[in-house]
Amino acid sequence: EIKREINKVAFNRYPDPYAVELCEKCAAFFGVDPSMVVAGNGSDELIGLILSSFLEKGEGVTVALPDFSMYAFYASLSEEKLHVFKRDGAPTLDGLRAFVRETGSAAVIFSNPCNPTGQGYDRKSVLQFVLSTDALCIIDEAYMDFWDQSILADAPWLENAFVLRTLSKVFGAAALRLGFAVANAKLTAALRTAKSPYNVNAVSQAFGKLLLER
């Protein structure tokens, strides 16, 4: 099947800049509206894009410790003020909520379930967290296939949240570098404007569609 898809790729042509068919397959697989999906060259690209495009230099970003190290890297790369919340193993997000409020952070990013601890927050708690803050919330659900408390279906109606998914983990396709951001129409349109025109190559688009059809 992979060989068949390779033979279909027009290597002399630029890929679909918006990866429309890939986003449609992603939307069908995860049960969301395809117009709310943006494909990226891995979730890493999307994290960097969101932090650099939606925040200004010097604005505060809250990350948790321990968590995926690239959150802090991209915040620093965009010259944003980094605020580090030390996870205490608490089953709720109350501590993080208070920390974001105290620091006046413009954005907060964390993984659910957590990479690397595996700790997961339930859907109700994450929704309450997002609704209780004006900060832009980036919820990385890279490992949500091993947990069952996703807020992906809620992302389109939330005013201040991006939810990220990837094909790198349970799909076993890290080499393709395919990630997706789901958000409301306004945030999605802004992210599409900010990304580079051909950020997802044609081969990854073809293979991604194949994987999402299975």
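Here are some friendly notes on the pockets, the cavity and the cysteines of this predicted model.

1. **Largest pocket.** A good place to begin is the largest pocket, with a volume of about 330 Å³. Its lining is made up of 19 residues, and E21, A202, Q205, A206 and K209 are the closest to the centre.

2. **Which helices build that lining?** Three helices each bring at least two residues to the largest pocket: α1 (2-8), α2 (20-30) and α8 (202-212). The largest share belongs to α8, with 5 residues.

3. **Character of the largest pocket.** If you plan to look at the chemistry of this lining, the split by class is 10 nonpolar, 1 polar and 8 charged residues. Among the residues closest to the centre, you will find E21 and K209.

4. **Second largest pocket.** The second largest pocket holds about 190 Å³ of space. Its lining has 13 residues, and those nearest the centre are S43, D44, F68, A142 and K169. By class, this lining consists of 4 nonpolar, 5 polar and 4 charged residues.

5. **Enclosed space.** How many cavities of 30 Å³ or more does a search of the whole structure find? The search returns 1. The volume of the largest cavity is about 40 Å³.

6. **Around the cavity.** The largest cavity is lined by P17, Y18, A19, V37, V38, A39, R192, K195, N199 and V200. Strand β1 (residues 37-41) gives the largest share of this lining, 3 residues. Sorted by class, the cavity lining has 7 nonpolar, 1 polar and 2 charged residues.

7. **Disulfides.** A disulfide is a covalent bond between the sulfur atoms of two cysteines. The count for this model is 0 disulfides, with the cut-off for a pair of cysteine sulfur atoms set at within 2.5 Å.

8. **C26.** Why does C26 form no disulfide? The closest cysteine sulfur, in C23, is 6.6 Å from the sulfur of C26, so the two are too far apart for a bond. As for its surroundings, C26 counts as buried because its relative accessibility is 2%, and buried means under 20%.

9. **C137.** Here the closest cysteine sulfur is in C114, and because it lies 16 Å from the sulfur of C137, it is too far for a bond. C137 has 0% relative accessibility and therefore counts as buried as well.

How values were computed
Residues numbered from 1 in each chain as written. Predicted model: local features only at pLDDT ≥ 70, side-chain atom pairs only at ≥ 80, totals over all residues. Heavy atoms only, no water. 1 Å grid on protein atoms, 1.4 Å probe; cavity = no way out; pocket = protein on both sides within 12 Å on 5 of 7 lines; lining within 4 Å. Points joined across faces, edges and corners; volume = space filled by probe spheres on them. Helix = DSSP H or I, 4+ residues; strand = E, 2+ residues; numbered from the N terminus. Nonpolar A, V, L, I, M, F, W, Y, C, P; charged D, E, K, R; others polar. Buried < 20%, exposed > 50% of the residue type's maximum accessible area, 1.4 Å probe, protein only.
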